[in-house]
Amino acid sequence: MDSRVCAGCASCVAACREANSTPDDCEARRRIISYVFDRGESRFVSVSCMHCAQPACVAACPAGAITKRADGIVEVDQSRCIGCKYCHASCPFGVPHYTSLGMDKCDCCLGAGIKPGKDPYCVQACPAKALQYGKLEDLHRRAEEAVGKVGLLESPTEPSFYLT
């Protein structure tokens with residue numbers, strides 16, 4: 001996520017909602033957060049599930065409804081969700097949310113027909129190219145080329161997210 005170029009247009013949110021058939025009365029899988037700094041400068045950050053290396057939601061789910069795939073994508077089997085909301089309480093980023101079907105979160109558009117490794121709809125829709133998707137090593141290299149030394153967002157869950 002390159003906050004230097006994100007304009008907060010929410011094209012990523014709209015694309016995600018449309019691709020995943022998210023009803024208007026349900027929380028979107030992606031959201032835009034606005035930050036205003038002391039000097040009056042503002043930045044926008046588009047966030048969703050960070051597909052953590054050590055996802056707290058997976059460890060907290062007593063029903064085994066949340067799993068981390070070999071390719072790193074954290075996904076939900078809504079048919080196994082019991083609605084306890086332990087995953088939401090355990091996520092340091094407040095990502096999991098609930099619909100009438102159970103817990104819902106980003107699955108990198110797997111459920112919307114995107115093949116693993118291909119850009120999710122949010123990335124495809126960003127007119128400023130603020131969102132990038134891919135292997136962490138490649139994202140790290142691109143981020144360092146753009147701004148110099150960078151690190152992953154720090155959390156015990158080890159989120160797969162670079163913010164520039």
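**Notebook: confidence, odd phi angles, salt bridges, cavities**

**Entry 1: confidence.** I started with the chain's confidence, which is lowest in strand S5 (residues 97–99), at a mean of 85, and highest in H4, at 97. This is a predicted model, so I wanted that check before anything else. Over the chain the pLDDT averages 91, and 100% of the residues score at least 70.

**Entry 2: positive phi.** Next I went through the backbone angles. Most residues other than glycine have a negative phi, so I went looking for exceptions. Which residue before helix H1 did I write down? I wrote down alanine 10, in the segment before H1 (11–19). The phi of alanine 10 is near 70 degrees, a positive value in a residue that isn't glycine.

I also noted cysteine 109, another non-glycine, with a positive phi of about 65 degrees. I found cysteine 109 in the loop between strand S6 (102–104) and helix H4 (121–125).

Then I looked up accessibility for both. Is cysteine 109 buried or exposed? Cysteine 109 has a relative accessible area of 5%, and the cut-off for buried is under 20%, so cysteine 109 counts as buried. Alanine 10 has a relative accessible area of 27%, so I put it down as partly exposed.

**Entry 3: salt bridges.** How many salt bridges are there? The count comes to six. I wrote up some of them, with their settings.

I took the pair aspartate 2 and arginine 4 to begin with: they form a salt bridge, and the closest N and O atoms are 2.7 Å apart. Aspartate 2 counts as buried because its relative accessibility is 13%. Its partner, arginine 4, is at 40% and counts as partly exposed.

I then turned to aspartate 104, which forms a salt bridge with arginine 29, with the closest N and O atoms 2.8 Å apart. Where in the chain do the two partners sit? Aspartate 104 is in strand S6, while arginine 29 is in the loop between H1 and strand S1 (31–36). The partners are 75 residues apart, so I noted this as a pair that links distant parts of the chain. I checked how accessible they are, too. Aspartate 104 has a relative accessible area of 8%, which makes it buried, and arginine 29 counts as buried at 14%.

My next pair was arginine 69 and aspartate 71, a salt bridge with its closest N and O atoms 2.7 Å apart. Arginine 69 is partly exposed, at 27% relative accessible area, and aspartate 71 is partly exposed as well, at 41%. I also saw that salt bridges sharing partners join Arg29, Asp104 and Asp107 into one network.

**Entry 4: cavities.** Last, I looked for empty space inside. Rolling a probe the size of a water molecule over the atoms shows where empty space is left. I noted four cavities of 30 Å³ or more in the structure. The volume of the largest cavity is about 90 Å³.

Which residues are closest to the centre of the largest cavity? Of the 14 that line it, they are Cys49, Cys52, Pro55, Cys57 and Cys91. I sorted the lining of the largest cavity by class and got 12 nonpolar residues, two polar ones and no charged ones. Cysteine and proline count as nonpolar here, so I put those five central names in the nonpolar class.

Conventions:
Residues numbered from 1 in each chain as written. Predicted model: local features only at pLDDT ≥ 70, side-chain atom pairs only at ≥ 80, totals over all residues. Heavy atoms only, no water. Helix = DSSP H or I, 4+ residues; strand = E, 2+ residues; numbered from the N terminus. Buried < 20%, exposed > 50% of the residue type's maximum accessible area, 1.4 Å probe, protein only. Salt bridge = Lys/Arg side-chain N within 4 Å of Asp/Glu carboxyl O. pLDDT = per-residue confidence, 0-100. 1 Å grid on protein atoms, 1.4 Å probe; cavity = no way out; pocket = protein on both sides within 12 Å on 5 of 7 lines; lining within 4 Å. Points joined across faces, edges and corners; volume = space filled by probe spheres on them.
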